[in-house]
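Visitor: I am new to this structure and should be grateful for a close look at a single part of it. Please take the sheet of seven strands and what lies around it.

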Amino acid sequence: MKRAASFTLMLPPREAGQQAQRWLYAALRGEILAGRLRPGSRLPATRDLAQQYGLSRGTIVNAFEQLNSEGYLEAGVGSGTYVNKVLPDDLLEVRKTSPGRRGVKVEAHGQVSDFARRVTPFANLEVRATRAFRANLPALDLFPAQLWAQVAARRLRRASTGLLLGCGPMGYRPLRRAIAAYLSSSRGVNCTADQVAIVSGVQESLDLVTRLLVNPGDRVCMEDPGYIGAAFVFAAAGARVVPISLDDEGMRIERARLRAARLVYVTPGHQFPTGITMSLQRRLQLLEWARESSAYVLEDDYDGEYRYSGRPVPSLQGLDKQGWVVFTSSLSKVLFPSIRLGYLVMPAGLIDRLAAILSITHRHAPVLEQAILCDFIEEGHFGRHLRRMREIYSERHATLRECARRQLAGLLEISDVEAGLQTSGWLCEGLDGESCAAAAARRNVEAIPLSVYTRGRQASEGLQLGFAAIDTKEIRRGASELTRALEQEWRARRRSG
Ligand SMILES: Cc1ncc(COP(=O)(O)O)c(C=O)c1O
């Protein structure tokens, strides 16, 4: 079906004394060659062009005819004039110089900022088949899309002009209230709606908190191995990123390394990527250090909803009585990643500055999406979805542990994780994560080497394995294939070593 031209056409201005038909011919040809008028696109009607540029229709028809005879335009069947779909490639300047074409790197003409030079691109989630043991992803095939569509449709039908207008920088008030109630009852977070800011996922929280608290040259400490999405933000801001090692109680409180830190970023609920839950004693030590040092702690509870065993440990934020903890979490793992919504819980003294930063950066998160999410929570669907997924993931987790116990013992020691969507395993001596991950990939199994997440002193020879996004049959297949891959690696090592 031919599409109607839906935009007015912006042509370069006509020079004084230039003949109208010659100008129109050259302007249209120029737009076509530059790729701004794309092959196959429809030109505006001669009547509209005549009115827009104050020309006679005859002038326009003549210019069109000339371009037609030279092959730039073609008349459509029935009506309309179109840019020729089969323009020879070498005519099109855009094909030769277009920025961002695959494999073509175009340098900036001028200087970019220090910040821009320091940025390391952080890959977006790729759309690919979900197979064992894809990590960091919920079971998107089990998301109740139909139900979401019903809630969304109802909200859109009733959207008031207020909702179409916008909201304050901290977010849509009813959603902030719903999140505060949920966090207080289910996640051990102590907050009011005033402290909650709705943001575009944890990644935006990291950016905002860094803008709020960190100057170039400041020390920012984080777990090692740890979440590279955070390390990239701190490094881009010009911070000195200080890796801190872990033991089985979570991040160590290494006072010498923590010295003079402006900010400590931690994932205490389910350490990323190892899965360790930070012990209560370690949490209290970290809070004591923060108080003594007047430094803030950013607690990322990115998948804290999923706890399968062990005693619930209160969040750092809930234990903090003096306002040194900023709490953040995401809806990427409980709903779906493309929703790009998450939230921050701020200590009272930081709310105003955060709101000011938001007011000049993102203004606020999209309001209709916030309102739909709010309805989804208030109507009880969110809680039901969480309970259902917790049961399913718990079964998947148990299946992986059972397979690992039976098949992988002696090759890969799976951590005793109590929560989350993924776990990690430590490789037996002599095996390294990268070659094992490559061997697994040859058998159609994904496993991320922990070395990817390591910035510091010790290499972590292990693999991160996701269990939430795949069913138990695929977990069993993955475990068998991973066992074969590791056995093969082990034999190859023995032969060569
Ligand atoms: C440690 C950690 N924090 C946060 C997130 C989620 O971030 P976002 O809300 O930006 O999707 C992830 C996603 O993989 C993560 O691994």
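Guide: The account below begins with the sheet, then turns to the ligand, the loops, a second sheet and the cysteines.

This is a predicted model, in which local features need pLDDT of at least 70 and side-chain atom pairs count only at pLDDT 80 or more, while totals for chains, interfaces and linings use all residues. Residues are numbered from 1 along each chain as its sequence is written, and side-chain values use heavy atoms, with hydrogens and water left out.

The sheet is open, and its seven strands run in the order β3-β11-β10-β9-β8-β4-β5 with mixed pairing. Strands (E, at least two residues) and helices (H or I, at least four residues) are DSSP runs, numbered from the N terminus; two strands pair if DSSP finds at least two bridges between them. At the edges stand β3 (196-199) and β5 (240-244); each has a single partner strand, so one side of each lacks a neighbour in the sheet. From one strand to the next, the twist averages 20 degrees; for such angles, axes are lines fitted to C-alpha atoms, for helices over the stretch in contact, and angles run from 0 to 180 degrees between N-to-C directions.

Edge strand β3 is covered on both faces: V196 and I198 on one side, and A197 and V199 on the other, are all buried. Here buried means under 20% relative accessible area, exposed means over 50%, and partly exposed lies in between, with a 1.4 Å probe and protein chains only. The pairing of β3 with β11 is antiparallel and extends over four bridges, and within it I198 stands opposite Y343. On to the next pair: β10 (residues 325-330) and β11 (residues 342-345) are also joined in the antiparallel sense, over four bridges. There Y343 of β11 faces S329. Y343 is thus opposite I198 and opposite S329.

The ligand comes next. Around the ligand are 13 residues, of which V202, D300, S330, S332 and K333 come nearest; a residue is near a molecule or strand if one of its heavy atoms lies within 4 Å of it. S330 belongs to the stretch of β10 (residues 325-330), and a polar side-chain atom of S330 lies 2.6 Å from an oxygen atom of the ligand. D300 belongs to β9 (296-300), and a polar side-chain atom of D300 is 2.6 Å from a nitrogen atom of the ligand. In the side chain of R340, an N or O atom is 2.8 Å from an oxygen atom of the ligand. The ligand taken alone exposes 400 Å², and the protein buries 92% of that; such areas come from the Shrake-Rupley method with a 1.4 Å probe, and for residues only the protein chains shown count as cover.

The loops that adjoin the sheet hold some backbone features. Most residues other than glycine have a negative phi, and most peptide bonds are trans. A cis peptide bond, with omega about 5 degrees, joins F272 and P273, and P273 is found in the loop between β8 (261-266) and α12 (280-293). After α12, in the loop that leads to β9, comes S294. S294 is not a glycine, yet its phi is positive, near 50 degrees; with a relative accessible area of 49%, S294 is partly exposed.

For contrast, consider a second sheet. It is open, with four strands in the order β12-β13-β15-β14 and antiparallel pairing. Its edges are β12 (412-414) and β14 (448-449), each with a single partner strand, so one side of each has no neighbour in the sheet. Two bridges hold the antiparallel pair of β14 and β15 (residues 462-466), and I448 has Q464 in β15 as its bridge partner.

The cysteines complete the account. A disulfide is a pair of cysteine sulfur atoms within 2.5 Å, and by this rule the count comes to zero disulfides. C191 is in none, since the nearest cysteine sulfur, that of C374, is 15 Å away. C191 counts as buried, at 13% relative accessibility. The sulfur of C428 is 7.9 Å from the closest cysteine sulfur, in C436, which is too far for a bond.

How values were computed: A polar contact is a pair of N or O atoms within 3.5 Å; within protein, one must be able to donate a hydrogen and the other to accept it, and residues adjacent in sequence count only if both atoms are side-chain atoms.
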